[in-house]
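Trainee: I would like to go through this entry site by site, and I would be glad if each answer showed its reasoning before its result.

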Amino acid sequence: MYEHDVIVVGAGGAGLRAAIAAHEEGADVAIVSKLHPVRSHTGAAEGGINAALREADSWEDHAYDTMKGSDYLADAPAAETLCKDSPKETIKLEHWGMAFSRDEDGRVSQRPFGGLSFPRTTYAGAETGHQLLHTMYEQLVKRGIKVYDEWHVTRLAVSDEERPEDRTCHGIVAYDVQTGNIEGFRARNGVILATGGLGQVYDHTTNAVSNTGDGVAMAYRAGVPIEDMEFIQFHPTTLPSTGVLISEGVRGEGGILYNEDGERFMFEYGYANNAGELASRDVVSRAELTEVNAGRGIEDEYVHLDMRHLGEERILDRLENILHLAEDFEGVDGLVEPMPVKPGQHYAMGGIETDENGETCVTGLYAAGECACASVHGGNRLGGNALPELIVFGKRAGHHAAGKDMEDARITTGKVGDYEEAEIDSPVQLGEVGLGEDVAADGGATAAASGSELVQQAVDEERETVEALLEKDDGIQHAEIRERVQKSMTRNVNVFREEEGLKQALGDIREARELYLDVFVADKSRTFNTDLLQTLETRNILDIAEAITLGALARNEFRGAHWRKEYQERRDEEWLKHTLLSWNDGNPELWYKPVILEGENKTYEPKVRSY
Amino acid sequence: MAERYTSFEPGGRRWLWQRLTAAFLVIVLAFHFFLLHFLNHADEVTFALSQARMEQLTYFSLMILFLITATFHGVNGVYNALVNQGLSGSRKTAVKAILGVASLVLIVQGVRTALAWAGGVPI
Amino acid sequence: MSTQVPEPVEEESSAESVSPGKQKRDQKKRERAQRIQEQREAEAAERARSDDDTYHLKVFRYDPEVPEKQEPRFDDFYVPYKQGMTVLDALMWARDHYDSSLTFRHSCRQAICGSDALFVNGSQRLGCKSQLSDLSEPVRIEPLPHADVVKDLVVDMEHFYDQMEAVEPYFQTNSLPDGELDEQRQTRENREKVKMSTRCIWCSACMSSCNIAAGDNEYLGPAAINKAYRFAMDEREGEDMKQRRLEILEQEHGVWRCQTQFSCTEVCPKDIPLTEHIQELKREAIKNNLKFW
Amino acid sequence: MSQSYNRGLIEDFSRWREFSAGMWAWIFHKFTGWVLVGYLFTHIAVLSTALSGAAAYTNTIQALESLLVVRILEVGLLAVAVFHILNGLRLLFVDLGVGLEAQDQSFYASLILTGVIVIASVPTFLSGVSI
Ligand SMILES: Cc1cc2nc3c(=O)[nH]c(=O)nc-3n(C[C@H](O)[C@H](O)[C@H](O)COP(=O)(O)OP(=O)(O)OC[C@H]3O[C@@H](n4cnc5c(N)ncnc54)[C@H](O)[C@@H]3O)c2cc1C
Ligand code: HEM
Ligand code: SF4
Ligand code: F3S
Ligand code: FES
C-alpha cells in the first residue's frame, strides 16, 4: 500500500493545479492518473480562459455574465469565486511561463467570446488548453511531485456510515495498467477527484475516449450526491466521423450552414431570423437536428458548413487550423468542398456536488474540474469558463485538502438545510441490478474500519471483482453494452428530450445493466489489459447515463442546455433549484436544493436570456 | 533527470573543429586530387616530381597541414560515429586511446615521409 | 487470417435456452466466420478491391503472457471503410468487432494527446491523424521502432519521459514582476519564435525515427532538445538562464550528437522544425563558447 | 521493463527501405568518411616507401598505378571523395541554417553531381594503364 497526505486522482488541468497547491502548502502529495498527465483532455481545449484582467473590465461583470449564461442555475458564491480568483490564477500561469498570445505592448491578448460583455478570453493561439496543461505539468516536474501514471483508479475507500455526510474517505484503490497489480493508496488528509468529463456516455462527442466519468461514478457510488447531471452542452459543429470540434470561428467569419437541398436553413426555416448561423450553440444544434429529422440531412446524418465563399486568402489567414482538422480527421478539403458537421456532446455542466472549496459532503473527499459541480455553470457553460474553473477550484481544493485555513464555504453539501425530496417517475427499476449478489456490480462503500485497514479491505474487494471478471470466459463483451447505451443516449437524451424518449432510455439502460451481469473480459493477460479497463469504465457509463436521464426526466422545463418537448419555457417559480441524485446503496434517490442567487454584494435576478 | 548526465565534456569544441577542418579540406582535397590526377597523371608520379614539389616551403607546409587536419577530421569523425552508436564506459576510453595513438603514428609517419622528400625542413 | 479468433468456435446450441447476450455473440461469431470466408475469396480473386469498401490491416501482435502471442506475429483484419476513417478508427473497429485484446494507447482522437504514435506503412504517424485513404494496402501497423514493446502496439515510454525531464523542462526566471496581477511582458516576435516549439505533444515519433537516438541511449533526442529550445529562446527567462540551458544542451549527449538526419522533422505530427531548432542551438552554443574562449 | 520484447538492431536495419533522404545522406556520408580515413592510412603507408629511397618509391607507385584494379579503385575513391565533399558542403550549409527546407533536394543534387563528375573523369583516370 502507498501512503501520502493528499492523493489527487486525475492529471488534467484541475488535478495538476490541485497537486501543486497541496505541495505549496507543504503536503506530501501524489497524483494517480490513468493517463500520463500530458495526455489529459484539457490539452484539447482551444478557445481560452476567461479572466477580468483589464482596467475596463471587472470580476463583477464576469460574474454577471456567468450567472446570466447559466440561465440562473449557477450558485452565486461559486460563480463569484471563479471570477474573482481567475485573474490571479491566469497571471500565475503567465508567471509559470505559459506561452499566451501577446498584444503589441507585450501583455497577454484577450478576445471576445460568446456571452461575454467584455473581450476577456485570454488565449494562446488555438491551443490554450494544450499550453495550459503542459505549463502545469512542467511545474509538477519542477517540484518533483510524484505521479503514478497509467494507474486506473477503480474505487474510493470510504467508510460506510448510514448517512453519507458522516462518512470519511481514506484513500483509493487503483489498477496498475502495465502490470495488472491492484494496490491501495491511503490518503492521510484527503482525496481530490479531478477525473474530467463524461462524454463517452454518448456515441458522438468532442471528449476523449478516456472521458468516461469515472470520478463522478465512483463518488456517486460512495454516497456523494451528484448535481444537475441533466445539463449537457452540445456543440453544433463537430465532424461526423470523429467528433472533432470545428470552432465557432468559422461561423464567426461568415461560414454558412446548408441542408441537403442546399438551403440556408437557419433563415429558410426560421430557426434564427436575426442571428442565423451565429445564434447560440443550443439553438444551432437543435436546428441542425431538426433538419436531419425532417429528412433534409445529408446521408441522414449531418449538414454542411461551407466557408468556400470566404476565399482562400481569408481562410488561410484566419482559419488555417480548421483546414487541417477537416483534412486530417474527415478527409475533406475545406477550400474545395463544404465540411460535414453535426452536433456533438461537448461538456457536462453537472457533476459531483462540492462547495466553493471543492469539498464534498464526505469528509476528506474533494472534487474539482469538469467532474465537479460547485455550480459555476448552472444550466449552460459559457465558452472559456471551464479552464478558469480548473485552476481556481483545483487550487482551492488542493489548499483545503492540505489543511490550509480557508474561509467557510457558503454553499452547503449533502442533505442539510432546506432540501426537498423528490419522486422519481421511472418506468423501470433503477440503480443496481442484483444488489449484493454479483461481484462485478459491487458498490463503492466499504464496511467501517480504521484508515489503512479500510483501504486494504477495499483493495481486497476490488481484487475479487477483477478476478471474477477475468475468470469468466463466456458472456457479453463491454463494447456491445457500451454501444447500446451510447446509441440510446444519443437518440433519446440528446439535444431534444421528450418524456417518451427519456423513458425509453431508462429502459435501455436497465437492459444494459442486466447484460452487464453477464459481461466477460476476453483478454486474460495482466499486461496492459485495456479490455478489462474498458469493461470497468462501461460500468461507470451505465451509472452516469442513468443519472443524466433521470435528471432530464425530472426537470420539466426548458433551461439552458436542457430542452424538453413538453415544456418549452423556463419555469423559475418551480425550478430555481438543483437536481441531486444520491446512490443510496444502489437505489437512486432524487432530491432538490435551492439555487443561491445572492452574491457578495448583489442578488442576481433571473432575466430572460437573450443576446 | 539532469544528474544522469554527468559527462559535461563539452562536445562543442570538437564539433566546431570538425566543421572548420571540413571547410579547409574542401579546398585542399580538391586541389590535391586535381594536382595528382589531372595535372600530373597518375602513371607519371615519380619520386623526383614529388621531391620537386616538396622542396617548396608553401607546398610542404600545406601538405603537413593537410595531413594534420585530415587526420583530425577523419579520426574524430570515426570517434563521433562510435559514440553515436552508444559507445561508452571503459570501451570508449580504450577506443579513444587507440584512435589517439593511431593518429599520432599516422602524422609522425607522414611527416617523416615528407621530410624524406624535402631532404630536411625546406627553409 | 487465422489468429484473431482465439476461442474455438462453439457448436450450434439450441438458441432458445441461451441468454440474449450469448445468442448475439453466436450470431456475431457466425457473421464473423462468414465475413472471414468472404474476405478469403475476395483475396483470392486478386486485390482488385482496393477501391472497395474494406481495408486490409496487418497489425503487429505481442503479449509476453499469452502463449500464442509470445512470439511476435502479424494479424490481418479487414475493416469496412467509412468516409473519413483514420488508422485509429480502423484499429478501434477491429478491436470492438474482432478481437477485444487488440491493445493500443489512444485518447483524444484529435492529435493532441500524443498517445497513438505508431509505425504505419514504414513511418511514424499518429493513428488518429492518418486517413486510411492516404495509405496503400495492406496497411501495416507496428509499435514505434527503437522502443521496447509492452504489448501489441504499446511501447514503453519511460525512456522518452526521462529524456524530456532531463532538460529542466520548466520555466525559470529571475525577473518576475512583483504584483501577482502584473504580467511579465513578452514581445510578439519572441512569442512567435518559440511558438512552434511549444506545440510538442510528447508523442515520441521523432525520437523513434532518429537513428542516433536508436544507437545512443543517452542522446537527449529531438523532442527534449526542442523542449529546451522552447525555454532557451524565451526572452522572459533572461541571459543567465539561457547560459545554463546551453550548458545542459552542450553535454556530450546533447545537441552535438545530432547528425541532421531530418527524419524527426519529417515525422513530427505537429510540424515542428526540429532539425532547424537543434541547429540553431548548436550555433548558439558555439557563439556562447566563443565568448569564453 | 523486464517483460518486454525488444525488436533489436537487426530489425532496425532491415528498415532501410523506409529510410528518407536525410537518413540516406547520413549513411552515405558515414560510409564515405570511413573509406576516406581508411585510404588516408594506406596512402601514408604506401608513400612511406619514400623513406627507403627514391627508387623503391617510384617503383612501388608505378607498379601500383599500372594495375587496372588500382585505377578502378581510384575511380571509386574519387566517387567517395566527391560525394563526401559535396554532401559535406551540404552539411556545412545545414549547420549554418541555410537551405533546411531543401535538404532532400540538395542531397539528390550531391548524388547526381558526384555521378557526373566521376563519369567525366573516368578517361583521365584510366589513361596510360597497361592492361
Ligand atoms: C474540444 C474541447 C474544447 C474545449 N475548449 C474549451 C475552451 O476553449 N475554454 C474552456 O474554458 N474550456 C474548454 N473546454 C472544456 C475544458 O477543456 C474541460 O472541461 C477541462 O479541460 C476538463 O479538465 P479536467 O482537469 O477536469 O479533466 P481532464 O483534463 O479531462 O483530465 C482528467 C484526468 O483524470 C484522469 N482520470 C480519469 N479517470 C480516471 C481514473 N479512473 N483513474 C485515474 N485517473 C483518471 C485522466 O487520466 C486525466 O488525467 C473544451 C473541451 C473540449 C472537449
Ligand atoms: C574535403 C572535404 C570534406 C568535407 C567538406 C567533409 C565534411 C565532413 C563533415 C561536415 C562531417 C561531419 C558530419 C557530422 O558530424 O554530421 C564529416 C565527417 C567525417 N569525415 Fe569528412 N569531410 C571532408 C573530407 C574528409 C576526409 C579527407 C576524410 C578522411 C580522412 C574524412 C573523413 C570523415 C569521417 C570518417 C567522418 C565521420 C563520418 C561518420 O559520421 O561516421 N572527411 N566530414
Ligand atoms: S517533437 Fe513532434 S514528433 Fe517529437 S514528440 Fe513532439 S510532437 Fe511528437
Ligand atoms: S532525426 Fe536525429 S539526427 Fe538530428 S535531425 Fe533529427 S535528431
Ligand atoms: S489519440 Fe490523441 S493523439 Fe491520437
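Mentor: Let us start with a definition for the metal site: six donors count as octahedral if opposite donors are over 155 degrees apart and all others lie between 65 and 115 degrees. Please keep in mind throughout that this is a predicted model.

Trainee: With that definition in hand, what is the geometry of the site of the iron atom of ligand 2?

Mentor: Ideal angles for six octahedral donors are 90 or 180 degrees. Around the iron atom of ligand 2 there are six donor atoms, and the angles among them run from 81 to 179 degrees. The site is therefore classed, by the cut-offs for opposite and other donors, as octahedral.

Trainee: Which protein atoms are donors to the iron atom of ligand 2, and at what distance do they lie?

Mentor: Protein contributes the NE2 atoms of B:H73 and D:H84. This pair crosses between chains, since B:H73 belongs to helix α3 (residues 57-84) of chain B, while D:H84 belongs to helix α4 (residues 68-95) of chain D. The distance from B:H73 (NE2) and D:H84 (NE2) to the iron atom is 2.0 Å.

Trainee: Are B:H73 and D:H84 buried or exposed?

Mentor: The cut-off for a buried residue is under 20% relative accessible area. B:H73 has a relative accessible area of 15%, and D:H84 has one of 13%. Because B:H73 and D:H84 both fall under that cut-off, each of them is buried.

Trainee: Staying with chain D, what is its pattern of secondary structure along the sequence?

Mentor: Chain D holds five helices and zero strands, and 43% of its 131 residues are buried. Read along the sequence, the pattern is α-α-α-α-α.

Trainee: UniProt lists residues 31-56, 68-86 and 106-126 of chain D under "transmembrane region"; how much of residues 106-126 is helix?

Mentor: The UniProt record for that feature is an unreviewed entry. In the model, residues 31-56 of chain D are 77% helix and 0% strand, with end C-alpha atoms 33 Å apart. For residues 106-126 of chain D the end C-alpha atoms are 30 Å apart, the strand content is 0%, and the helix content is 100%.

Trainee: Turning to chain C, how many charged residues are in the shell around ligand 3?

Mentor: Ligand 3 is surrounded by 13 residues, the closest being C:C200, C:C203, C:S204, C:C206 and C:C268. By class, that shell divides into twelve nonpolar residues, one polar residue and, for charged residues, none.

Trainee: And which helices of chain C each supply at least two residues of the shell around ligand 4?

Mentor: Of the 13 residues around ligand 4, the nearest are C:C210, C:C258, C:Q259, C:S263 and C:C264. Eight residues of this shell are nonpolar, five are polar and none is charged. The helices that each supply at least two shell residues are α10 (263-267) and α11 (274-292).

Trainee: In chain A, which residue places a polar side-chain atom 2.7 Å from a nitrogen atom of ligand 1?

Mentor: Among the 38 residues around ligand 1, those that come nearest are A:S40, A:T42, A:G47, A:D214 and A:E370. A:G47 places a backbone N or O atom 2.7 Å from an oxygen atom of the ligand, and a polar backbone atom of A:A194 is 3.3 Å from an oxygen atom of ligand 1. The residue whose polar side-chain atom lies 2.7 Å from a nitrogen atom of ligand 1 is A:D214.

Trainee: UniProt places the feature "active site" at A:R281; in which helix is A:R281 found?

Mentor: The annotation comes from an unreviewed entry. A:R281 is buried, with a relative accessible area of 17%. The helix is α8 (residues 281-293) of chain A.

Trainee: With which side chain does A:R221 make a polar contact?

Mentor: A:R221 lies in helix α5 (residues 214-221) of chain A, and at 7% relative accessibility it counts as buried. Its side chain makes a polar contact, at 2.6 Å, with the side chain of A:D543.

Trainee: Finally, which residue has its backbone oxygen 2.8 Å from a polar side-chain atom of A:R167?

Mentor: A:R167 is found in the loop between β7 (151-158) and β8 (169-176) of chain A. With a relative accessible area of 5%, A:R167 is buried. The backbone oxygen at 2.8 Å belongs to A:E161.

Conventions:
Residues numbered from 1 in each chain as written. Chains lettered and ligands numbered in written order. Predicted model: local features only at pLDDT ≥ 70, side-chain atom pairs only at ≥ 80, totals over all residues. Heavy atoms only, no water. Donors = N, O, S within 2.8 Å, 3.2 Å for Na, K, Ca; no water. Tetrahedral: all angles 85-135°; square planar, octahedral: opposite > 155°, others 65-115°. Helix = DSSP H or I, 4+ residues; strand = E, 2+ residues; numbered from the N terminus. Buried < 20%, exposed > 50% of the residue type's maximum accessible area, 1.4 Å probe, protein only. Near = heavy atom within 4 Å. Nonpolar A, V, L, I, M, F, W, Y, C, P; charged D, E, K, R; others polar. Polar contact = N/O pair within 3.5 Å; in protein donor to acceptor, adjacent residues only side chain to side chain. UniProt positions renumbered as here; feature names shortened; annotations may be inferred.
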